[in-house]
Amino acid sequence: MLETVELRKVYKGKIAVQEVSLYLDQGESVGLIGPNGAGKSTTISMISSLLKPTSGDVRLHGKSVIQQPQAIRKVLGVVPQEIALYEELTAYENLKFFGRVYGLKGKELEQKIQELLEMVGLRDRQKELIKTYSGGMKRRINIVAALLHEPQIVIMDEPTVGIDPQSRNHILETVRLLNRVQGTTVLYTSHYMEEVEQLCQRMYIMDHGQIIAAGTREELQHILAGEDTIIIQLSHKEFGLTQELESFESIRQVEETEQGLKLIVIKNSPIMSRIVQAAERHHVQILNIHVQSPSLEDVFLHLTGRTLRD
């Protein structure tokens, strides 16, 4: 349905996006994940025709939209990372304005506004000024504004950053409803791996302007099929212990956590006794230790060397 072909964007000699190729089938929910500066927002801007690529193409149903952006704008709704609402207007007035921009009017527009406000749980707050809303409420209205014209494809760029749990749950439920009940195609970017796991059938991992891995959750986790994750809770942190564990051949990666360490180790390697002995040498007490299969966060760390929220 929608695909990018070797998209590339260069700013003042610096490559922001490099040969990015991805696709979305009709009715699919696809995740685009990566840390800040990975190139996600630039890629989205090119897909939505707001930014012209240095090279490459964006195709809708096989036809290029670079020269004819109206083709994609009619069927696309974009929820930007930044709030795109008028603070001095009410939620209703904002939606009335954006609806008219889309060419909607009269009963059709009124019905759509009320229906979508009900969906995001803000119908009873529609007459209040946007500037009085919480950050989460503003984001929910931001989403409604992108859905007024019933787009076939919706791009959501970090829609749950910095919001309260209630609004986050409303937004996640809205995405599920759009995709699974209404069949809307969704491209969803996030810093939160658990959101992408919940919402998306496939995902692309992006870093330094490039797609470095793609697939379903199971396909991506298979990258670390030969490894285990060991979670260790410690009495206190000790840099010397971290250094020593990093020197063990069977330990692929060591990451500090709030309560201790997370290790990625070769599967079934006899490493436990060596970990305990190392902790004793550095006078650190192990409070808890358990082994689990690698998560998507572990895969991301393995591929990029940093966590998703870095």
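**Exercise 1.** In this predicted model, determine which elements cover the buried residues of α6.

*Solution.* Elements covering the buried residues of α6 include the strands β3 (29-33), β7 (153-157) and β8 (185-190), together with the helices α4, α5 (135-147) and α7 (193-199). The next step is to identify the residues beneath this cover. They are Ser167, Ile171, Leu172, Thr174, Val175, Arg176, Leu178 and Asn179, each of which is buried in α6.

**Exercise 2.** Compare the span of α6 with its expected span, and state what follows the helix.

*Solution.* Helix α6 covers residues 165-181, 17 residues in total. From its first C-alpha to its last it reaches 23 Å, close to the 24 Å expected at 1.5 Å a residue. After α6 comes Gly183, with a positive phi near 75°.

**Exercise 3.** Locate Tyr102, classify its exposure and list its contacts beyond four places in sequence.

*Solution.* Tyr102 sits in the loop between α3 and α4 (106-119). Its relative accessible area is 34%, so Tyr102 is classed as partly exposed, a class that lies between 20% and 50%. Leaving aside residues up to four places away in sequence, Tyr102 touches Ala145, Ala146, Leu148 and His149.

**Exercise 4.** Describe the surface patch that contains Tyr86.

*Solution.* Tyr86 belongs to the loop between β6 (76-79) and α3 (91-101). With a relative accessible area of 43%, Tyr86 is partly exposed. Together with Phe97 and Val101, Tyr86 forms a nonpolar surface patch, and the three have about 300 Å² of accessible area together.

Key
Residues are numbered from 1 along each chain as its sequence is written. This is a predicted model: local features need pLDDT of at least 70, side-chain atom pairs count only at pLDDT 80 or more; totals for chains, interfaces and linings use all residues. Side-chain values use heavy atoms; hydrogens and water are left out. Patches are made of residues with over 30% relative accessible area and no salt bridge: like charges are joined within 9 Å, nonpolar side chains (Val, Leu, Ile, Met, Phe, Trp, Tyr) within 5 Å. Accessible areas come from the Shrake-Rupley method with a 1.4 Å probe; for residues, only the protein chains shown count as cover. A salt bridge is a side-chain nitrogen of Lys or Arg within 4 Å of a carboxyl oxygen of Asp or Glu. Helices (H or I, at least four residues) and strands (E, at least two) are DSSP runs, numbered from the N terminus. Buried means under 20% relative accessible area, exposed over 50%, partly exposed in between (1.4 Å probe, protein chains only). Contact means heavy atoms within 4.5 Å. The expected span of a helix is 1.5 Å times one less than its number of residues.
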